[in-house]
Amino acid sequence: MAWRFKASKYKNAAPIVPKPEACIRDVCVGSYQTYGNNICASAAFMAFNWEHVGSSMAVLPLDDCGRKSKTMPLLHAHSDTITDMEFSPFHDGLLLTGSQDSLVKVWHIPTEGLKESLSTPECTLSQKQRRVENVGFHPVADGLIHVASGHEFALWDLTQQKEAFVTRDHGEVIQSTSWKKDGKLVATSCKDKKVRILDPRASSPVLGVANSHQNIKDSRLVWLGDSDRILTTGFDSARLRQIMIRDIRNLSQTQKTLELDCSTGVLMPLFDADTNMLFLAGKGDTTILYMELTDRDPYLIEGLRHSGEQTKGACLVPKRALRVMEGEVNRVLQLTGSSVVPIMYQVPRKSYREYHADLYPETSGAVTYLSAPMWVQNQDYPVPNISLHPNANNCTQPRLGPKPFSASAGNEEFSFDKVFSVPAVPGLPKSDSGLSPVSAPASTTPVTTTPPLRDDEKEKSLSPTSDVDVIPNKEEYTNGKSDTSLEEEVNSSDSGYRPKTPSTAERRKLFESTDGNQSIADLRRAYEVRSKSVAVEPEAPPSPAPLRRRDSLKSRKSPEREEKRSSVPNVTTKRTSTVFGKVSKFRHLKGTPGHKSTHVENIKNISRQISGECNGFYANGTRCAVPIGGGGGGRIGVVELPLGATSIAKAPPPHPSALHPLSLLHPAPLQDWTFDPFSDQRLMVACDDGLLREWIIPEGGLQESTNEPKRTFSAHPDKIYIVRFHPTASDLLITAAHDLTIKIWDLSQEVPTAEITLTGHTEQIFAMEWSPCGEYLATVCKDGYVRIYKPRSSTEPIRKGPGPVGSRGARIVWALHDTHLVVTGFDKVSERQILLYKACDLSAPVCTVGLDVSPAILHIHIDHDSNTLFLTGRGDSTIYCYEVTCESPFLCALSHHRSGTLHQGIAFLPKSLLAVDKVEFARALRLTNGTIEPLSFTVPRKKSELFQDDLFPPTLVTWEPWQSGRDWLANKPVTPRTVSLQPPGMEALSAHSAPAPTPAKEKPPQKPKPDLIKSHVPMDPKEKQESIMKAMSAKVKIDLKLEQDSMEGVDESEWDQ
C-alpha cells in the first residue's frame, strides 16, 4: 500500500483566477435547458451561447479580454436555442453546432476571427424534425461527426454529407455521449437511466447496457482516456448528486460510487487524459471541484477547489494552447452570467525559467492520417502524439486557414486536392514524394503496422496536408496542399494552413515552357478542362438531408485573404444582391434610429393582446395609434409625434416622465384600425362586434380621452378582421370579416353602404392588399390559396393558386408594377417563408426563400420605387431587407437592420416625408415595449449634395387622391399621378457635369545629381554645420514684407474730420 503515499505531481495544482481586466466581461448569457456545456474552445477560439434565447453565438479569440459591446459581430447560427457545440480537434477554425431547430451546422471561422456577423454555414444537416441534443467530432477520423437526436445516435461523413451509421436502440432521449480516445467505441447515457457502450462498426452495435443513476434528471458521461473505464455524473433516487466509475469489461458493477450533495445543478465532468485531472463544474454552482483520478482505491483524490461566480457553462482548453513556461497544466473556461473567466491550474515550482518536462507528457496532436471513409471501412490509425516543448517542431500552433473540406460533387469521390491543389501540368511526370503510407494500395503493409518514422519524415510523408497529384482512390485522403505550402508549413513557426499557390498567369507560363510533344494550344485546352473539373457543382445533393452552401457572408477586404482567394481556382464569391453582374444600388442600405429628442418614451400599458391579422401599430406623419391595455373593451392611444420626428410633426417634446396617452374608448375588443392616407385626422376602427367606428382627431391631437366617435355603422354580422382604405380613391373603405366576405364601402354617403361584396373564400382571410393603381385586390387565406380580384368586374376571384401551407397567418403585397405578388407565411414545420408569384400565373411560386423558425408572422412593406422589401415580425429585433427582381434569383438579400431592442410594430411613412437630401429612400416609425422611435433607411453616396435621381425616380402620389370614390365605383378611367422628389434648387446627379480635366503640370527641372565621390569624403564639423544651416534656410520661406505694408491708408478728407 506504499503507492498511496506516493506524492502526485498534480496534487497541489492551484486554480489561479486572473484580474477582471484579463477576463471577458459584459457578455449576455442566459439560462439554457440543454444537455450541452454552453461553451467550447479550440487552440485559437472560444465560442459560447449569446443572449437569452441562445440561438446566436459569440466567437472570440482564445486570449481575448476586456469589455464586449452588445453590437459586436456574432455567429447567427440557428433559429432556436443551440444545445451543443464543439470545435474540430484537427481544424481550430471548424465549429459544429446543434440546435432545438433540428439542424446541425458546420461553420468555418476565418483566421482573423469574426470581423462581421456570420450567418451562412459551410454545411447544414437535417435531423428529421427532432431536437438535437449532442454533437461532436470523432477523436481520430477527420470529417466524421456524431449527432444524438431524440432516441437516435448517428454518425455523419462530412466529406460525403451522408449518414454513415444510425442506431435507434435507446429507449429515451440521449443525454450525453463520449468517445474512447482511440475512437473505436462510444458510450452514451440516456434518460431511461441506462448507460450503453456502442461499436458503430460492429454488426450488433450495442455491446453492453447497464443501469445508471436512478433519476431522470440530466446525466453526463466522459470516457477516461484510452482506458476501459467511464465516469458518469447524475442524481440518485433521493436527488443526491453522484459520481460513478465503471469498467466496461464488467459494466453492471460500479468500481466507485461517490455521493456529493443535494444541489440541483448537473455536474459537467471535464477530464484530461494526460494528467488524470478531473474538473466538476455544476450548473448554477459557484464552486468548481478538482479531483485526481487513480486506477486503484480510493480512485478519486480531491484537490483544491475554486470558488467564484455562478457557473453557466465550462470547458477545457486544448493542451496545445497552454502556457507551459508558466507551469500551467490545464485551463478551465468558466462561463458566467456576464463574463468568461479563464482559470489557470498551475503546479507550484521554484522557477518557471525552464520547461518542466515531467509535468507535460506527450499529448495528441492536431494531425490525423485517418479519414471518415477509411474509419468506416475498419481502418484504424492513432493520432500521433506531440511534445509541448516550445522548441519542438510539432505544430502546436493553431491550425487555421482555408476551408478544410468541400462537399463531393455527384458521385465523385471527395478529395481535398480538388479544392486547394494546383492542377498538374500535362506532360510532366507526376511526383510520388507526396504520397503517404495510408494512401498506398491495399496490398502494401497495413496502416496499423506502419514502421515508425523520424519526426521530419512523418511531417513529409504522413502529413494529411501533403500534395497528392494522382487521382485519389477510395482509401486516399489528403488536404491537397502544394509542395510549396508544405515547405512553408515545415519552415514556418505558424500553422500549416496558409497555402500560397501560383497565380493563373504563372501557371500559364509554366504550361507554355513545358517540354513535350504537345502544342501550347493542347496544353491550354488540357489546363482549362482540368480547371473546370475543379469548379463543377452537383446538380443535386447526394442526400435530401444535407444542404450545400451556395454563398458566403464572410468576405473580407484584407490583402492576405484576397491573395488566398486569387490562388484558389474554384473559389468564387457569389454576391446575393447581384443580377447578371449588376450590383444592387441598395445593397448597402443602412437603418439609423432618429435622435433621442425625436423619440416618444415611457408609454405605459401598451397592449400585446391583438389579433394576428392586425399589424398592431399604425401611423402617419403627424400621429400614431397604439393599442392600450387595461379596462374593459378596447383602447387606442393617440400619440402626437414630436417636432423633428417627421417633416410635418409639430408636437412639443413629451415630458420624460411616464406617458399615459389619451385614448379612443371602444365597448368591444379591438380587431384592426387604419388611418386615412389622404387625411391625417380620420381613423377607422373595427371591433369584434361587427361595427365600424369613424374617429376624427382634432387638430393638435386629443385633449381628453373620448368614447364618442363621429359615426358608427354595422358592417358585418360578426367580428371584422381587416380594415383598409383604397390607395387612390377617396372615401373608399374595404373590410374582411368572419363571414368570409369582403365589402367595399362608400364613406361619402351619410349612411355608408356596401357597394361591392366579394366572395369565394372558404376559410379565414389572413391578409389583403390593393395593387398600387387600385385596380386589383389580392388576398391570402387560411385555406392555403392566394386569390386575385378585380372588384369592378367580378365578385369572384379572377385567379387562384396555392399559397403558404401553414395555417398560422400570412401577409401579401404587390411588387414590380403590379406584375408580381410577394407572400410571407409558414411551411409545414413552422419555418417562415417568402414566396414570389407572377400575378398572371398563381399555379406555383417562381421563388421561395426560407428565413427561420419563429412564431411571429412576417409583416411586409415594399418600396415600389426601389423594389425593396422590408420584413419583420412582432417580437423580432431584425428587419430583413430584400430586393425583388423579375430575373433569377428574384429575391436578393440586402443589408439587414438589427436593432438593440425588440419591436412590437413598424409603420412606414409616405414618400413625401423623406429627406432626399440625406439620400433617405424609406422612413418608418418603430414601436418597442414603451417607445416610438423614427427609423431612417439611407444609401451611402459620395456626392450626397446632389439629387440622386437614379435612386429617386418619379414616385406615385399616395398622399393625395387621384379621384373620388364615386368615380372609381363608376369605373371612370384615371391617369396615374406621379411626382418628382427633387427639392427645388438641388442639382440632379445625372445633370451634374464632369469637372474639366486639369492641364498637365510642367515637370520641374531635375536637380543636379549629387557628387557621389564628395559624398563619401568626411566633412569638417564647421562645414557640416554650415551645410545643414543652408539646407534649413532653403526650406524656410522668408517674407520681408511688413504687416503695415498691406494696410490701406485713409483718404485725405478724413484727416479733416
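In this predicted model, Leu927 has a bridge partner in strand β66, and that partner is Ile932. The pairing belongs to a longer run: β65 (residues 920-927) and β66 line up antiparallel over seven bridges. A hairpin of four residues takes the chain from β65 into β66. Strand β66 also pairs with β37 (residues 590-593), again in the antiparallel sense, with four bridges between them. Here Pro593 is matched with Leu935 of β66.

With β65 and β37 both paired to it, how many of the residues of β66 are buried? The count is seven of seven for this strand, which spans residues 932-938. In a regular strand, side chains alternate between the two faces of the sheet. In β66, Ile932, Pro934, Ser936 and Thr938 point one way, while Glu933, Leu935 and Phe937 point the other way. Both sets are buried, so Ile932, the partner of Leu927, and Leu935, the partner of Pro593, sit on opposite sides of the strand but are both covered.

Stepping back, the protein chain as a whole holds 11 helices and 69 strands. Of its 1057 residues, 51% are buried. Among contacts with a separation of 6 or more, 55% link residues that are 24 or more positions apart. The accessible surface adds up to about 49900 Å², and carbon and sulfur atoms own 51% of that area.

Another strand worth a look is β43 (residues 682-687), which includes Arg682. Is Arg682 buried or exposed? Arg682 counts as buried because its relative accessibility is 12%, under the 20% cut-off. The side chain of Arg682 has a polar partner, since a polar contact at 3.1 Å links it to the side chain of Glu694. Beyond its neighbours within four places in sequence, Arg682 touches a list of residues that includes Thr674, Phe675, Asp676, Trp695 and Ile696. Phe725, Asp731 and Leu747 are also among the contacts of Arg682.

The loops have some quirks of their own. Two of them carry a proline that follows a cis peptide bond. One such bond joins Asp297 to Pro298, with omega at about 15°, and Pro298 belongs to the loop between β26 (287-293) and β27 (300-302). The other joins Ser888 to Pro889, with an omega of about 10°. Pro889 is in the loop that leads from β61 (878-884) to β62 (891-893).

Positive phi angles turn up as well, in residues that are not glycine. Lys193 has a phi of about 70° and is part of the loop between β17 (186-190) and β18 (194-198). Leu816 has a phi of about 55°, and its loop runs between β55 (811-815) and β56 (820-826). How covered are these two residues? Lys193 is partly exposed, because its relative accessibility is 30%, whereas Leu816 is buried, with a relative accessible area of 10%.

Finally, Pro976 sits in the loop between α8 (965-969) and β69 (978-979). With a relative accessibility of 49%, Pro976 counts as partly exposed, because the cut-off for exposed is over 50%. Apart from neighbours within four places in sequence, Pro976 is in contact with Leu956 and Trp962. Trp962 is 14 residues away from Pro976 along the chain, and the C-alpha atoms of the two are 7.3 Å apart.

Terms used
Residues are numbered from 1 along each chain as its sequence is written. This is a predicted model: local features need pLDDT of at least 70, side-chain atom pairs count only at pLDDT 80 or more; totals for chains, interfaces and linings use all residues. Side-chain values use heavy atoms; hydrogens and water are left out. Helices (H or I, at least four residues) and strands (E, at least two) are DSSP runs, numbered from the N terminus. Buried means under 20% relative accessible area, exposed over 50%, partly exposed in between (1.4 Å probe, protein chains only). Contact means heavy atoms within 4.5 Å. Accessible areas come from the Shrake-Rupley method with a 1.4 Å probe; for residues, only the protein chains shown count as cover. A polar contact is a pair of N or O atoms within 3.5 Å; within protein, one must be able to donate a hydrogen and the other to accept it, and residues adjacent in sequence count only if both atoms are side-chain atoms. Two strands pair if DSSP finds at least two bridges between them.
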